[in-house]
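Grab a pencil and keep the viewer open. Try each task yourself before you read its solution.

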Amino acid sequence: MSPRNGPPSVSALLLGAAFAFGCSIGQIGATGLTSGPSAGSTNGSGALAASGAGASSAAAGAANGTSASGVDIGFSTAERLNQTQYNNTVHDLLGTSQTPASSFPPDETDLGFDTISAALTLQPAHVEQYLAAAQSLITEFFARPATDPWHTRYITCDYAAGNAACMQQILTNFASKAWRRPVVDSELAPYLALAAAQPTPQAGLTLAMEGVLISLKFVYRLEFDPNPDDTTIHPLSAYELASRLSYLLWSSMPDDTLFAAAASGALLTSDGLKAQIARMIGMTVKSQEFVNTFGTEWLGLNQLTVITPDPTLFPNYNSTLSQSMVAETTDFLLDFFNNGLPLNQLLTANFTYVNSTLASFYGLPAVQGTALQRVSTVGTHRGGLLTQGTYLAGYSDPTSTSPVKRGLYVLARLMCSPPPNPPVGVNTNLAVEPNAANLSVRQQLEQHEMMGPVCASCHKVMDPMGLGIENYDAIGQYRTSDSFGPIDATGTIPSPTGSGTVSFDGEPQLAATLATDPRVGPCAVQQVVTFGIGRPFAGLGGPSTDTPILNRIAAVATAGGASFVSVLNGLIQDDVFRSRRAASPTEVTAQAQVNQ
């Protein structure tokens, strides 16, 4: 049977369903929801923690409740599915190849991540496009043959005769998967009534399934607190934990095996959780989504999509080259993820991934074809993240290198030690300074430092890092000289030991020194935790009470080899991932003020 072409009132009915049966935009703001099913319970009630409707780092997580370890875990607001998560979820829910979220409003980011819940708003355009997406997805679903596995996954009885019990069975099954936990009869009742009010069973089931997909229970990842006024830390339900786990590792909903582990309670045991972590990471096609999302955002790979090197100065730079550069760094990170390599070796690795185009551009031995291949960089001018085009071209200016951008990248992204913002009124465009055209980049920076101690204090740490990479031009090609003469890539930076300074000459010596900096490992942990929990942590804008959490996760990661997987294991098994708490009145007020 074909889906209905509904009357004009259908859109209004669906929008009403979304908000009446879920919760309103206002309720999902900073006031908290005081009733609703407890995720994983079939008859419980709970309260939705304060949820951000506007971007902020400041309001997420102050010290009120403490865990068994005596450390506050902070609070997290409800998180709207971002574009990647929405597309992956509808694919895993319905087997579709549609990517409707690609046309949704762009996701807001904070700290470079699109998983920071307080930053992800719900706009009017979202509501309209959720409706259009739901209609398209369900139309496609009913166009499948009756024997199609995706069809039989949900259509388990003959609803065409108007059998109310059958309709309830289908909708219970579908909504439980879509909302990622067992549904409660009372929350399903309005959808059944909506279906029964339609002229045919087909029209009714179509409308009800569309309503499920535009419910905020689908488009948000909702977690509930037993008492919204109690900031005591409590464990997540099995289904809430399953969703946290799957959206961290896969950027998608739980699969049947993970749902089964939640249903049995095995996921709430230490051994059960470890087993699921190992299984899910071992599913490499799905788990590489962690690298595609976290890795891309952490290292700013998308910067290559917004830069435009001067075509006159750099005629050999093009979109094919930039796409190869992004693919190189992505495959490089996947190698670290899949093979358990220590993360500090990102800076000194003696291999990379290139195709024929990129190998020629980098001056590496020739390879054949467009597919990327793992190659040794021993004895070449390449090796490690800081010699890859995503970094070198992505953090330069259109006509020249930018030691400031390159140095800031290392401090902020790899060491979590960004300098303060420049003073108001200070010119940050060195190219427009007097006589700049007659000065080398190093000379321009030296002139800038003479503007006063405030500028000098930051640039003395940041600039040498960028200048140490000056052998690579604004699109990442190696050079030994520029228009001002031989490249001077020498410099001095504070010693990683905290005592004295270390001198270097060129990127290899600089990278080797940076790889020993004690901030690199903990920073990687901090970035993963911020991305995975969806709020800023410690030095990235969170409260100082986060420090013990990060320290214990870092200790687990170090004991496990300081790899991506060891960091993830440390995070997932920690209280901060397995538990939550309600927001305090002070935190709710602060969040509400930010959202205004």
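Below are six exercises, each with a worked solution.

**Before you start.** This is a predicted model, so local features need pLDDT of at least 70, side-chain atom pairs count only at pLDDT 80 or more, and totals for chains, interfaces and linings use all residues. Residues are numbered from 1 along each chain as its sequence is written, and side-chain values use heavy atoms, with hydrogens and water left out.

**Exercise 1. Get an overview of the protein chain: how many helices and strands does it have?**

Step 1. You should end up with 25 helices and 12 strands. Both are DSSP runs numbered from the N terminus: helices are H or I with at least four residues, strands are E with at least two.

Step 2. Now for burial: 55% of the 596 residues of the protein chain count as buried. The cut-offs are under 20% relative accessible area for buried, over 50% for exposed, and partly exposed in between, with a 1.4 Å probe and protein chains only.

Step 3. Look at the contacts with a separation of 6 or more: 67% of them in the protein chain come from residues 24 or more positions apart. Contact here means heavy atoms within 4.5 Å.

**Exercise 2. Work out how helix 10 and helix 11 are arranged.**

Step 1. Two packed helices are described by the angle between their axes and the distance between the axes. The axes of helix 10 (residues 238-249) and helix 11 (residues 256-264) cross at roughly 150 degrees and come within 8 Å. Axes are lines fitted to C-alpha atoms, for helices over the stretch in contact, and angles run from 0 to 180 degrees between N-to-C directions.

Step 2. Helix 10 and helix 11 are therefore roughly antiparallel. The scale goes like this: under 35 degrees is roughly parallel, over 145 roughly antiparallel, 65 to 115 roughly perpendicular, and the rest oblique.

Step 3. Who touches whom? On helix 10 you'll find Ala-238, Tyr-239, Ala-242, Leu-245 and Ser-246, and they meet Leu-258, Phe-259, Ala-262 and Ala-263 of helix 11.

Step 4. Sort the residues of that contact of helix 10 with helix 11 by class: eight nonpolar, one polar and no charged. Ala, Val, Leu, Ile, Met, Phe, Trp, Tyr, Cys and Pro count as nonpolar, Asp, Glu, Lys and Arg as charged, and the others, Gly among them, as polar.

**Exercise 3. Do the same for helix 13 and helix 14.**

Step 1. Helix 13 (residues 284-298) and helix 14 (residues 319-339) have axes 10 Å apart and pack at about 125 degrees.

Step 2. That angle is why helix 13 and helix 14 are oblique to each other.

Step 3. Helix 13 brings Thr-284, Ser-287, Gln-288, Phe-290, Val-291, Asn-292 and Gly-295 to the contact, and helix 14 brings Thr-330, Leu-333, Leu-334, Phe-337 and Asn-338.

Step 4. The contact of helix 13 with helix 14 splits into five nonpolar, seven polar and no charged residues.

**Exercise 4. At what angle do helix 17 and helix 21 pack?**

Step 1. For helix 17 (residues 403-414) and helix 21 (residues 520-533), the angle is about 70 degrees and the axes are 8 Å apart.

Step 2. So helix 17 is roughly perpendicular to helix 21.

Step 3. Ala-412, Arg-413 and Leu-414 of helix 17 make the contact with Val-520, Cys-523 and Gln-527 of helix 21.

**Exercise 5. Describe the surroundings of Thr-513 and Asp-517.**

Step 1. Thr-513 sits in helix 20 (residues 507-515), and its relative accessible area of 12% makes it buried.

Step 2. Leaving aside neighbours within four places in sequence, Thr-513 is in contact with Ile-493, Pro-496 and Val-502.

Step 3. A polar atom of the Thr-513 side chain is 3.1 Å from the backbone oxygen of Gln-509.

Step 4. Move on to Asp-517, in the loop between helix 20 and helix 21. Asp-517 is buried too, at 8% relative accessibility.

Step 5. Not counting residues up to four places away in sequence, Asp-517 touches Met-415 and Pro-496. Its side chain reaches the backbone nitrogen of Arg-519 at 2.8 Å.

**Exercise 6. Is Arg-180 buried or exposed?**

Step 1. Find Arg-180 in the loop between helix 6 (164-178) and helix 7 (185-196).

Step 2. Arg-180 has a relative accessible area of 3%, so it is buried.

Step 3. Check the backbone as well: Arg-180 is not a glycine, yet its phi is positive, about 70 degrees.

Definitions and conventions
Polar contact = N/O pair within 3.5 Å; in protein donor to acceptor, adjacent residues only side chain to side chain.
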